[in-house]
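Subject: Structure handover

Hello,

I am passing on a structure for you to look through. The sequence and the model come first, and my notes on what was found follow below.

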Amino acid sequence: MNPPCGRCRKPVYPTEKINCLDKYWHKGCFSCEVCKMALSMTTYKGFEKRPYCTMHYPKTSFTVVTDTPENQRLKQQSMLNSQALYKEDFEKSKGKGFSVVADTPEMQRVKKTQDQISHALYKEDFEKSKGKGFSLVVDTPEMQRLKKTQDQISNIKYHEEFEKSKIRSDAPPPENRQDYEEQQAYAERYSQPPRQMMRPAAVAPPSAGRRYQAIYSYMAAEADEVSLREGDLILDVEPIDEGWMFGCNQRTMQRGMLPANYVRPV
């Protein structure tokens, strides 16, 4: 009995039979699935037991591995093998003194955690021995950063109050009393602690109490900063850190932070 053709399902006779891709084909039926171009045994490419030409051969891509029971079994077997090898190495290392432990990221994290716990326990024991009953505070990098920020805020507030008292006692009264009151209300409303911000290029901090003049215009990006216009005179300058200082713009009577590389000493 003659087998059916893989495409037209009609009987295939021996004189026109092509045996390929586990099927029998008529010579005229052995063509590309997409463009129907006639193929031969040397020009075809098979995909899922279907012939294609080189142009229309389906492009294969990587797929996500299915979490089948077989894959789960292999994963569990790999974990058991790893644990068995770890135990074997541990038993071999016993009695031979200390062994070298691989400095992996996981080991570094465990070591860092142990150091923090040890440091915290030490502080706890120390505070208990003093009898002050302080709560346990871990001296982490985050706590150090917060402490440094609080110190800077306290320093800024101190200078701000000091400069305000100097302005009330030393500064001459403005010609327009209403403008002066509006300036004071604006300064009190927006005098807030400085936030973390991008700093300009570091320059040497200015000397305290000197007069400076703006060489560039600057638009304040935060409420606690002072806007500058080229030529403005800055009074009662106090250094903050490299790149920033605290002073009073004589033109606007506004006090706050300003970039040190925008001014020069007078």
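**An enclosed strand**

All 6 of the 6 residues in strand β8 (residues 254-259) are buried, so the strand is largely enclosed by the rest of the structure. Please keep in mind while reading that this is a predicted model.

**The sheet around β8**

Strand β8 is part of an open sheet of 5 strands, in the order β8-β7-β6-β5-β9, with antiparallel pairing. The edges are taken by β8 and β9 (263-265), each of which has a single partner strand, so one side of each has no neighbour in the sheet. From one strand to the next, the twist averages 40°.

The partner of β8 is strand β7 (residues 244-249); the two run antiparallel and are joined by 6 bridges. One pairing to look up is that of Phe246, whose bridge partner in β8 is Met257. The hairpin of β7 and β8 has 4 residues between the strands, and in it Met253 takes a positive phi near 55°.

On to the next pair: β7 is also joined to strand β6 (residues 233-241), by 5 bridges, and these strands too run antiparallel. Here Pro239 stands opposite Met245 in β7. Strand β6 also holds Asp236, which has a positive phi of about 50° although it is not a glycine. With 22% relative accessibility, Asp236 counts as partly exposed; the cut-off for buried is under 20%.

**Two nonpolar cores**

Which residues have the most contacts inside the largest nonpolar core? They are Tyr212, Leu228, Ile234, Val237, Met245, Leu258 and Val263, in a core of 15 residues. Two or more residues each come from β5 (212-214), β6, β7 and β8. The most come from β7, which gives 3 residues.

Leu258 is a useful residue to start from when viewing this core. Leaving aside residues up to four places away in sequence, Leu258 touches Val226, Leu228, Ile234, Gly243, Trp244, Met245, Gly247 and Val263. Another core lies apart from the largest one; it has 9 residues, including Phe30, Cys32, Leu39 and Tyr52.

**Ser31**

Ser31 is located in the loop between β2 (23-26) and β3 (45-47). Is Ser31 buried or exposed? Its relative accessibility is 6%, so Ser31 counts as buried. Residues up to four places away in sequence not counted, Ser31 touches Arg7, Lys36, Met37, Ala38, Leu39 and Pro51. Of these contacts, Leu39 is also among the residues of the 9-residue core.

**Cysteines and Arg9**

How many disulfides does a search of the whole structure find? The search finds 0. Cys8 is in no disulfide, and the nearest cysteine sulfur, that of Cys29, is 3.7 Å away. A disulfide would need the two sulfur atoms within 2.5 Å. Cys8 is partly exposed, with a relative accessible area of 30%. Cys248, by contrast, counts as buried, at 4% relative accessibility.

Arg9 lies in the segment before β1 (17-20). Like Asp236, which was described above, Arg9 is not a glycine and yet has a positive phi, in this case of about 65°. Arg9 counts as exposed, at 54% relative accessibility.

**The chain as a whole**

Some totals may help you place these details. The protein chain has 4 helices and 9 strands. Reading from the N terminus, its elements run β-β-β-β-α-α-α-α-β-β-β-β-β. The chain has 266 residues, of which 23% count as buried. Its accessible surface comes to about 19,800 Å², and 55% of that belongs to carbon and sulfur atoms. Among contacts with a separation of 6 or more, 44% are between residues 24 or more positions apart.

If you open the model now, I suggest starting with the pairing of β7 and β8, then moving to Leu258 and its contacts, and ending with the loop that holds Ser31.

Regards

Key
Residues are numbered from 1 along each chain as its sequence is written. This is a predicted model: local features need pLDDT of at least 70, side-chain atom pairs count only at pLDDT 80 or more; totals for chains, interfaces and linings use all residues. Side-chain values use heavy atoms; hydrogens and water are left out. Buried means under 20% relative accessible area, exposed over 50%, partly exposed in between (1.4 Å probe, protein chains only). Contact means heavy atoms within 4.5 Å. Two strands pair if DSSP finds at least two bridges between them. Accessible areas come from the Shrake-Rupley method with a 1.4 Å probe; for residues, only the protein chains shown count as cover. Axes are lines fitted to C-alpha atoms, for helices over the stretch in contact, and angles run from 0 to 180 degrees between N-to-C directions. A nonpolar core is a set of buried Ala, Val, Leu, Ile, Met, Phe, Trp, Tyr and Cys residues joined through side-chain atoms within 4.5 Å.
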